[in-house]
Structure formats: C-alpha cells, structure tokens
Amino acid sequence: QVQLVESGGGLVQTGGSLRLSCAASRRTGSTYTMAWFRQAPGKEREFVAASSWNSGYTSYLDSVKGRFTISRDNAKNTVYLQMNSLKPEDTAVYYCAARLATSPKYDYWGQGTQVTVSS
C-alpha cells in the first residue's frame, strides 16, 4: 500500500506559478511510476503528467507541455509538479497517483489539492 498526500494548491492569477508536492508513505523509487491527474468541475478526470521511477521517461498532456514540469526526489519519496504560465483552464482539483511499473493502471491516489487560476 502507498498513501499519497498532496500539497501546494491555491489561488493564483493568470500567468502565475505554483508547485504541487506529493509525499508518499513509502519508498517509490525504482518501483513506482508517479503521475498527476486533474479534474475540473463537470469534467472527467484527465491525465496531466507522469514520470518513470528514475525520471528517465516523462509524459505530458499536450495543453501543459512547455508550462508544467514533473520531477521526483526518490530520496524524499516525493513527486512535484511545477506549473508555470497558469491559465484559467488549468483550474481543477489535482491528484497525485502511483502505479507499480508493471501495472497497467494507477492503484494509489491522493485526496487532491485545489488549484484555482483567476482571470
């Protein structure tokens, strides 16, 4: 079992930046792929970014490429999402997720953190 706790959400103006953090309850390095998802009101949850265990592979939603960066510190069991040039359409609850590298789906989820971008 892996417990995930997000932090760092808040209210920011268009063009601003936020850094989200996700702390895991156990070591995730070399075992787990970590990811961020988001869900806006009235919309389905969508994938935002993912990182392989050694950050050698990263993947992003097209609309956040060049603005968001996922990174991880395996020594701290923490994954980050640096969000720059934020837009109102980035407003959502952001969730951290983890899956075993061999698993096809994300089995572990955090409780979410609200990000609101004002225009």
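A cavity is a set of points on a 1 Å grid over the protein atoms alone where a 1.4 Å probe fits but cannot get out, and its volume is the space filled by probe spheres set on those points, which are joined across faces, edges and corners. The views show a predicted model, in which local features need pLDDT of at least 70 and side-chain atom pairs count only at pLDDT 80 or more, while totals for chains, interfaces and linings use all residues. Residues are numbered from 1 along each chain as its sequence is written, and side-chain values use heavy atoms, with hydrogens and water left out.

**View 1. The cavity and its lining.**
The structure holds one cavity of 30 Å³ or more, and the volume of the largest cavity is about 30 Å³. Its lining, made of residues with an atom within 4 Å of a point, consists of Thr 28, Met 34, Arg 72, Asp 73, Asn 74, Asn 77, Thr 78 and Val 79. Two or more of the lining residues come from each of strand 7 (68-73) and strand 8 (78-83); strands are DSSP runs of E, at least two residues long, numbered from the N terminus. Sorted by class, the lining has two nonpolar, four polar and two charged residues. Here Ala, Val, Leu, Ile, Met, Phe, Trp, Tyr, Cys and Pro count as nonpolar, Asp, Glu, Lys and Arg as charged, and the others, Gly among them, as polar.

**View 2. The open sheet of four strands.**
The strand order is 1-3-8-7, with antiparallel pairing; two strands pair if DSSP finds at least two bridges between them. Strand 1 (4-7) and strand 7 are the edge strands, each pairing on one side only. On average, neighbouring strands of the sheet are turned by 15° against each other, direction ignored; the axes are lines fitted to C-alpha atoms, and angles in general run from 0 to 180 degrees between N-to-C directions. Strand 1 and strand 3 are antiparallel and share four bridges, with Leu 4 opposite Ala 24 of strand 3. Strand 3 is also joined to strand 8, by six antiparallel bridges, and here Cys 22 faces Val 79 in strand 8.

**View 3. Strand 3 and its residue Ala 24.**
Five of the seven residues of strand 3 are buried, so the strand is largely enclosed by the rest of the structure. Buried means under 20% relative accessible area, exposed over 50%, and partly exposed in between (1.4 Å probe, protein chains only). Ala 24 counts as buried because its relative accessibility is 13%. Ala 24 and Val 12 are twelve residues apart along the chain, and their C-alpha atoms are separated by 26 Å.

**View 4. The hairpin of strand 7 and strand 8.**
The two strands run antiparallel and are joined by six bridges. Phe 68 has Met 83 of strand 8 as its bridge partner, and Arg 72 stands opposite Val 79 in strand 8. Side chains alternate along strand 7: Phe 68, Ile 70 and Arg 72 are buried and point to one face, whereas Thr 69, Ser 71 and Asp 73 point to the other face and are not buried. In a regular strand, side chains alternate between the two faces of the sheet. Four residues lie between the strands of the hairpin.

**View 5. Two residues with positive phi, Asn 77 and Ser 85.**
Most residues other than glycine have a negative phi. Asn 77, in the loop between strand 7 and strand 8, has a positive phi near 55°. This residue counts as buried because its relative accessibility is 16%. Ser 85 belongs to the loop between strand 8 and strand 9, and its phi is also positive, at about 50°. Ser 85 is partly exposed, with a relative accessible area of 41%.

**View 6. The nonpolar cores and Met 83.**
A nonpolar core is a set of buried Ala, Val, Leu, Ile, Met, Phe, Trp, Tyr and Cys residues joined through side-chain atoms within 4.5 Å. The largest such core has 27 residues, and Leu 4, Trp 36, Leu 81, Met 83 and Tyr 94 have the most contacts inside it. At least two residues of this core come from each of strand 3 (18-24), strand 4 (32-39), strand 5 (46-51), strand 7, strand 8, strand 9 (92-100) and strand 11 (113-118). Another core, of five residues, lies apart from it and includes Ala 35, Phe 37, Ala 50 and Ala 97. Met 83, in strand 8, counts as buried because its relative accessibility is 0%. From Met 83 to Ser 103, 20 residues away in sequence, the C-alpha to C-alpha distance is 27 Å.

Methods. On a 1 Å grid over the protein atoms alone, a cavity is a set of points where a 1.4 Å probe fits but cannot get out, and a pocket is an open set with protein on both sides within 12 Å along at least five of seven lines; lining residues have an atom within 4 Å of a point.
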